[in-house]
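Open the model in your viewer and keep the sequence panel beside it. The tour goes from one selection to the next and says what is there.

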Amino acid sequence: MGAVSGRQGDGDPRMTAQLAAEILRGARRGVALTGAGISAESGIPTFRGEGGLWTKYDPVKVASIDTFLADPAAYWRVARDRGSVALAARPNPGHIALVAMEAAGHLAAVVTQNTDGLHQASGSKRVIELHGSGRTVECLECGRREPRADVQARLDVEMPPKCRSCGGTMLKPTVVLFGEAMPVAAVTEAFELARQADVVLVVGTSLVVHPAAEIPLEAVSSGARMIVVNAEPTPFDRFAEVVIHGRSGEVLPEIARLTDG
Ligand code: NAD
């Protein structure tokens with residue numbers, strides 16, 4: 001476990017994980033909010049934080065709807081490398097620990113900002129994707145959808161990729177790009193879960209992308225207890241009862257073990 005800080009159990013990682021486990025043990029309507037950090041140990045780079053993509057290019061430019069519409073080939077040239085990494089990635093022990101917490105009745109759902117599909121792949125039953133899914137591609141001209149893996153497979157010979165149905169070149173992953181509206185149903189469901197939550201477990205997110213960042217605050221102001229597991233401090237750590245600054249692939253399995261141990 002990495003450097004750890006906590007409201008209680010300061011400086012002692014085990015005590016802090018123990019406290020998180022005690023809080024989770026009492027949860028019946030817990031909600032996890034996850035971000036890119038939970039998939040970092042599966043090999044998918046985050047946007048921010050150490051080794052984040054933002055150190056290489058500006059995602060607001062390369063992953064914006066304006067860039068895509070102006071030049072789909074430019075978008076896909078960057079997306080090609082990220083896509084092959086994401087499609088090959090497998091769930092890590094952090095994802096799997098959340099499955100165990102849901103199965104034990106402590107978590108009602110996982111709300112994620114990620115588009116990599118790793119929560120579903122690990123076995124989480126109720127997953128709300130705030131920023132869509134990178135596993136599917138949609139033709140903006142005729143609406144046909146196909147698996148991202150199929151499009152990925154022809155990027156070497158076809159740039160930008162063409163729709164197999166109408167021949168159009170506006171094939172876009174079903175993710176929410178910068179400048180696009182978020183899916184209303186998913187956002188509504190996430191905030192409803194937050195209002196009903198007795199515990200909110202925040203994992204691997206810098207909590208700077210809105211409105212996702214407001215979900216933990218909505219939960220806390222409705223009475224939930226908050227736990228943060230993140231490699232670095234977040235702007236909302238002060239609202240949490242327990243803050244663990246460490247790697248989620250190490251910290252979450254420990255919390256899950258202590259919760260039901
Ligand atoms: P972010 O990149 O802004 O922040 C990631 C956070 O995770 C950082 O604070 C970092 O310190 C922390 N972190 C890194 N490794 C960690 C680890 N092993 N354990 C615990 N924490 C770790 O991510 P965000 O807050 O999710 O916002 C970025 C946006 O980018 C989201 O909208 C998301 O859709 C998108 N994104 C998704 C993926 C993905 O699907 N895997 C990857 C990159 C970006």
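Start with the sheet of this predicted model. Six strands form an open sheet with parallel pairing, and their order across the sheet is 3-2-1-7-8-9. Select residues 127-129, which are strand 3, and residues 242-245, which are strand 9. These two strands stand at the edges; each has a single partner strand, so one side of each has no neighbour in the sheet. From one strand to the next, the twist averages 15°.

Stay at the strand 9 edge and add strand 8, residues 225-230. The two strands run parallel and are joined by 4 bridges. For one of the bridge pairs, pick V228 and V243; V243 lies in strand 9.

Now look at what packs on the sheet. Select residues 184-196, helix 8. Helix 8 touches strand 1 (30-34), strand 2 (107-112) and strand 3, and its direction makes about 130° with that of strand 3. Next take residues 214-221, helix 9, which also packs on the sheet. Helix 9 touches strands 1, 2, 7 and 8, strand 7 being residues 199-203. The angle between the directions of helix 9 and strand 7 is about 160°.

Go back to strand 2 and pick T112, which lies in this strand. Is T112 buried or exposed? T112 has a relative accessible area of 2%, so the residue counts as buried, the cut-off being under 20%. Which residues does T112 contact, leaving aside neighbours within four places in sequence? They are T34, H119, V127, I128, E129, L130 and H131. For a residue farther off, select C139: T112 and C139 are 27 residues apart in sequence and 24 Å apart in space, C-alpha to C-alpha.

The next selection is helix 5, residues 93-103. At the start of this helix, a side-chain oxygen of N92 comes to within 2.7 Å of the backbone nitrogen of G94. Colour the buried residues of helix 5: G94, H95, A97, L98, V99, M101 and E102. While looking at that pattern, recall that an α-helix has 3.6 residues a turn, so residues three or four places apart point the same way. After helix 5 comes G105, with a positive phi near 90°.

From G105, finish at G26. The two glycines are 79 residues apart in sequence but 9.8 Å apart in space, C-alpha to C-alpha. G26 sits in the loop between helix 1 (13-25) and strand 1. With 54% relative accessibility, G26 counts as exposed.

Conventions:
Residues numbered from 1 in each chain as written. Predicted model: local features only at pLDDT ≥ 70, side-chain atom pairs only at ≥ 80, totals over all residues. Heavy atoms only, no water. Pairing = 2+ DSSP bridges. Axes fitted to C-alpha atoms, helices over the stretch in contact; angles between N-to-C directions. Contact = heavy atoms within 4.5 Å. Buried < 20%, exposed > 50% of the residue type's maximum accessible area, 1.4 Å probe, protein only. Polar contact = N/O pair within 3.5 Å; in protein donor to acceptor, adjacent residues only side chain to side chain.
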